[in-house]
Amino acid sequence: MVEKARSIGGETRREVMSLLLKLGPVTAADLGHHLGLSAAGVRRHLDKLEDEQLAETCEPNPVAGEEATRGRPAKHYRLTQQGRDLFGSHYDTLATDAIRVLKDLGGEEAVRSLARERIHTILDGVGSVEDAGGDVEKVAHDLADALDESGYAATVTRAGTGIQICQHHCPVSAVAAEHPEICDAEHEAISALVGRHVQPLALIADGNGICTTNIPLTAAARPDAGTVAAHEKNTERSGDLD
């Protein structure tokens with residue numbers, strides 16, 4: 001992924017773009033902290049990237065439970081779609097055409113099967129929440145690591161009563177935009193591994209700058225067997241009275 005970025009400048013410029021991809025929206029000061037450079041030095045690179053329409057200023061991502069700060073906020077930066085494209089989305093046209101043919105031959109279920117097989121391969125080494133002793137946060141980090149290795153530039157963020165997996169790049173965004181089964185399969189796989197329903201908050205395939213999946217840290221309570229049996233018995237009685 002970074003190999004292609006080398007065609008657009010030197011080492012520092014490449015590192016700035018990689019951090020914008022993975023951390024954006026982010027301030028020049030934060031970039032400088034990661035790179036060991038002054039904010040002014042980073043801004044020179046950002047100004048050039050803006051001039052070339054590879055980066056842009058934007059609003060910071062809201063964080064659940066935090067109030068907006070008073071005063072003028074620091075500028076935040078992220079890559080434009082043109083900047084993201086430099087990191088590669090391999091064989092988009094070929095893949096989209098192939099899945100379209102698959103759908104014509106086998107229907108939507110064939111596409112869903114392909115999507116499930118793909119994400120299961122990516123997440124093959126990730127254990128379930130039961131394997132992790134109930135530690136949802138550990139599983140989330142393992143998921144992000146697996147996705148990151150497959151080009152998703154994934155990070156994990158705590159947000160209110162949940163934890164969010166943020167994918168700052170999607171190597172199959174063009175395919176997923178036409179075939180939402182790709183994203184659906186990812187969310188199903190994540191949900192199965194963390195043992196609870198997850199909430200897709202944003203998708204790159206829908207035109208957002210980031211894919212965000214929220215995982216609640218507390219699973220919804222499930223009724224025990226006795227409660228279910230009592231409910232079924234009461235339902236039967238109600239039916240007898242009708």
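Let me begin with a term: a residue counts as buried when its relative accessible area is under 20%, and as exposed when that area is over 50%. The structure I am presenting is a predicted model.

With that term in hand, I turn to helix α3, which spans residues 28-35 and has Ala28, Leu31 and Gly32 as its buried residues. These residues lie on the same side of α3, because they cover an arc of only 100° around the axis. What packs over them? The cover includes two helices, α2 (11-23) and α4 (39-51), together with the strand β2 (76-79). After α3 comes glycine 36, and its phi is positive, near 75°.

Let me now place this helix in the chain as a whole. The protein chain contains 10 helices and 6 strands. It has 242 residues, of which 39% count as buried. Among contacts in the chain with a separation of 6 or more, 58% are between residues 24 or more positions apart. The exposed surface of the chain comes to about 14,000 Å², and carbon and sulfur atoms supply 50% of that area.

I move next to the backbone, where a few residues deserve individual mention. As background, most residues other than glycine have a negative phi, and most peptide bonds are trans. Between glycine 24 and proline 25 the peptide bond is cis, with omega about 0°. Proline 25 sits in the loop between α2 and α3, and is among the residues touched by cysteine 58.

Cysteine 58 itself belongs to strand β1, residues 55-58. Is cysteine 58 buried or exposed? Its relative accessibility is 17%, so cysteine 58 counts as buried. Leaving aside residues up to four places away in sequence, cysteine 58 touches His76, Tyr77 and Arg78 as well as Pro25. Glycine 24 is 34 residues from cysteine 58 along the chain, and the C-alpha atoms of the two are separated by 9.3 Å.

Two further residues have a positive phi without being glycine. For glutamine 53 the value is about 60°, and for alanine 153 it is near 50°. Both are in loops: glutamine 53 between α4 and β1, and alanine 153 between α7 (136-149) and β3 (154-159). How do they stand with respect to the surface, buried or exposed? Glutamine 53 counts as exposed, because its relative accessibility is 53%. Alanine 153, by contrast, is buried, with a relative accessible area of 3%.

Alanine 153 leads us to glutamine 167, since it is among the residues that glutamine 167 touches. Glutamine 167 is part of strand β4, residues 162-167, and is buried, at a relative accessible area of 3%. Not counting residues up to four places away in sequence, its other contacts are Leu147, Tyr152, Ala154, Glu186, Ile204, Ile210 and Cys211.

That brings me to the internal cavities. How many cavities of 30 Å³ or more does the whole structure hold? The search finds 2. The largest has a volume of about 90 Å³. Its lining comprises 15 residues, and those closest to its centre are Gln167, Cys183, Glu186, Leu203 and Cys211. Two elements, α9 (181-194) and β6 (211-216), give two or more residues to this lining. The largest share, 5 residues, comes from α9. By class, the lining of the largest cavity has 10 nonpolar, 4 polar and 1 charged residues.

The second largest cavity has a volume of about 30 Å³. Which residues line the second largest cavity? They are Arg112, Ala115, Arg116, Glu181, Asp184, Ala185 and Glu188. Here α6 (92-122) and α9 each supply at least two residues, and α9 gives the most, with 4. By class, this lining has 2 nonpolar, no polar and 5 charged residues.

To close, I would draw attention to α9, which gives the largest share of the lining of the largest cavity and also the most to the lining of the second largest cavity. The linings themselves read differently by class: 10 nonpolar and 1 charged residues in the largest cavity, against 2 nonpolar and 5 charged in the second largest. Thank you.

Key: Residues numbered from 1 in each chain as written. Predicted model: local features only at pLDDT ≥ 70, side-chain atom pairs only at ≥ 80, totals over all residues. Heavy atoms only, no water. Buried < 20%, exposed > 50% of the residue type's maximum accessible area, 1.4 Å probe, protein only. Arc of directions from axis to C-beta. Contact = heavy atoms within 4.5 Å. Areas by Shrake-Rupley, 256 points an atom, 1.4 Å probe, with all protein chains shown as cover. 1 Å grid on protein atoms, 1.4 Å probe; cavity = no way out; pocket = protein on both sides within 12 Å on 5 of 7 lines; lining within 4 Å. Points joined across faces, edges and corners; volume = space filled by probe spheres on them. Nonpolar A, V, L, I, M, F, W, Y, C, P; charged D, E, K, R; others polar.
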